[in-house]
Protein chains: 2
Amino acid sequence: MAKWFTEAWSAGVRFSVKYARKEYAERTPHQKIAFYESDELGRFFTLDGVMMACEKDEYVYHEMMIHVPMSVRPDICRVLVIGGGDGGSVRELLRYPQIAAITLVEIDERVVTLCERYFPQTSRGLRDARVSLVYADGAAFVANAVDAYDLIVVDSTDPIGPGEGLFSAAFYRDCHRILASDGILVNQHESPYFAATRREMIRAHEKIASLFPVARVYQAFIPTYPSGHWLFGFASKRLDPVADFRAGVQDAADIRTRYYNGEVHRAAFALPNDVREALAPKSK
Amino acid sequence: MAKWFTEAWSAGVRFSVKYARKEYAERTPHQKIAFYESDELGRFFTLDGVMMACEKDEYVYHEMMIHVPMSVRPDICRVLVIGGGDGGSVRELLRYPQIAAITLVEIDERVVTLCERYFPQTSRGLRDARVSLVYADGAAFVANAVDAYDLIVVDSTDPIGPGEGLFSAAFYRDCHRILASDGILVNQHESPYFAATRREMIRAHEKIASLFPVARVYQAFIPTYPSGHWLFGFASKRLDPVADFRAGVQDAADIRTRYYNGEVHRAAFALPNDVREALAPKSK
């Protein structure tokens, strides 16, 4: 009999994927993790029953998280990744020779260890000499950090469970403090479609926009995330993601992308009216 | 007990919507039609078990189908809509005072009649004096048509069942013949994500590109269609949808849109690399 993994995208909408077998599952000290093998999406893994990444489309999320900021400030050298224990964001960062040091702060060491075993597509760069792995709570890490980073990537789960602190005002304030003056903060920013994720989208944006002179939201087609309309935040003290976009950064490093390109970069910031309005500053 | 409508997006992926009640269902001479009431998506209707439109997001599809061509050639006057019996495309067209005549060719009269009863959100304009309703097969209609249209809107179902002829080379040739020299053909163009719809996307594009000097594909976020990454085709004998885009056409007619805007127009044509490559002319 066919086995189906089902995720509740909202109270009234479900997304189901037929799988051939559950490859591995474990309850870590932080969450439940499971790896599945499917015909349609290839290998995929879940945290607390929520799809994190699948072979078929994880490249969209990771390319859009990394190549957007790298195309705005190509000389990024020191990077902090919060979350992202699957290694997908690190993999994209490692394609740039100018990046000298990546610190990955993942709360759950088991995510790293198990993705290295069961999800090599994203995790293969995690032992690169330029990568420092830190197993700690991201919010606590940035609260105590004193280094200056050129790029902070908040590659978090949803703001429920372990990811919650990565959506707090205190966390964004700490990111602001440890970001270099030309630094960029990117974060996974939920979806505008369903009521719950839309609320989180608005809350995250309000907090970030109250701290950063530049706070923009951009989007990508990610069919395995709720609604398929997924958002990212881009915040900085000075650089604008569209006005300061530099074409050809990937070409210079001979980086081939499957989703990202210069037109997609600009287009990602063209939000539909109803998203624009939801994110517009509220008049008092 | 909760009732769920489930659609197979592919052999291995399903999309399910919880509904409060099935409002009405009927087997017409052409297909099965059903109307559901749900908390999450509002009222929605299906043809042969495939979601056609829901109250929550039908505006995305219909705005993108109509406001894109109207922003490239604002003086469009005579329009032919093939399919689209729910009336959503007609509703958007009627917002332009310059449009004098809309012919809607729907194969299934019951779709029109039942949408007027159960789906007023899209169908309310169908009895407007500018609209002529023709109940006929769209492919046969264009084969015999001699009039010249400024805009042809192919608002079809998938290329299985009644919609099949609306993806044939003969159909596109007839559209080309009855299109005015500055005319535009737009069509629903499937999705690049799942193998089956991707194949149809490529086939439709190859046929259209072999006939029309300008053949472009554009995209929108439509969460209730398979993958949420949905495509439209834009074809013409001369006009380019980006180079010939005119800003502010909707403002001039005081048309407010929920999804479409000028930035979204341009962005819609910025395709990800893997879609670009799938649609690129094959070298022999």
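Start with both chains on screen: a rotation of 180° with 0.0 Å of shift along its axis lays chain A on chain B, with an RMSD of 0.0 Å. The fit is by least squares on the C-alpha atoms of residues with pLDDT of at least 70 in both copies. That is the relation of a two-fold axis. To find the axis, select Ala267(A), whose C-alpha comes closest of the residues of chain A, at 2.1 Å. Now colour the interface: 100% of the interface residues of chain A are interface residues in chain B too, so the copies meet through the same surface.

Before zooming in, some housekeeping. This is a predicted model, where local features need pLDDT of at least 70 and side-chain atom pairs count only at pLDDT 80 or more, while totals for chains, interfaces and linings use all residues. Residues are numbered from 1 along each chain as its sequence is written, chains are lettered from A and ligands numbered from 1 in the order in which they are written, and side-chain values use heavy atoms, leaving out hydrogens and water.

Next stop, helix H1 of chain A, residues 58-70. (Helices are DSSP runs of H or I with at least four residues, strands are runs of E with at least two, and both are numbered from the N terminus.) Its 13 residues should span 18 Å at 1.5 Å a residue (1.5 Å times one less than the number of residues), and the end C-alpha atoms, 19 Å apart, agree with that. Click Met64(A) and you're at a bend of about 25° in H1(A), taken as the angle between axes fitted to the seven residues ending there and the seven starting there. How many residues of H1(A) are buried? 13 of the 13, so the helix is largely enclosed by the rest of the structure. (Buried means under 20% relative accessible area, exposed over 50%, partly exposed in between, with a 1.4 Å probe and protein chains only.)

Now for the rings. Over all chains there are 37 aromatic pairs: rings of Phe, Tyr and Trp (its six-membered ring) with centres within 6.5 Å, called stacked when the planes are under 30 degrees apart, edge-to-face when over 60, and tilted for the rest. Switch to chain B and pick Tyr61(B) and Tyr225(B), an edge-to-face pair at 5.7 Å centre to centre with 75° between the planes. Tyr61(B) is in helix H1 and Tyr225(B) in the loop between strands S12 (214-221) and S13 (229-236), 164 residues apart. Both Tyr61(B) and Tyr225(B) are buried.

Then select Tyr218(B) and Phe232(B), which are stacked at 5.1 Å with 20° between the planes. Tyr218(B) belongs to strand S12 and Phe232(B) to strand S13, so this pair ties together parts 14 residues apart in sequence. Tyr218(B) is buried at 0% relative accessible area, and Phe232(B) is buried at 0% as well.

Back in chain A, one aromatic cluster includes Tyr61(A), Trp230(A) and Phe269(A). Two arginines are also worth a click. Arg258(A) lies over the face of Tyr59(A), 3.9 Å from the ring centre, and the charged end of Arg78(A) sits over the ring of Tyr149(A), at 5.5 Å. (The test is NZ of Lys or CZ of Arg within 6 Å of the ring centre and within 35 degrees of the ring normal.)

Last, Asp39(B), in the loop between strands S4 (32-38) and S5 (42-47). Buried or exposed? Exposed, with a relative accessible area of 79%.

Technical notes
Contact = heavy atoms within 4.5 Å.
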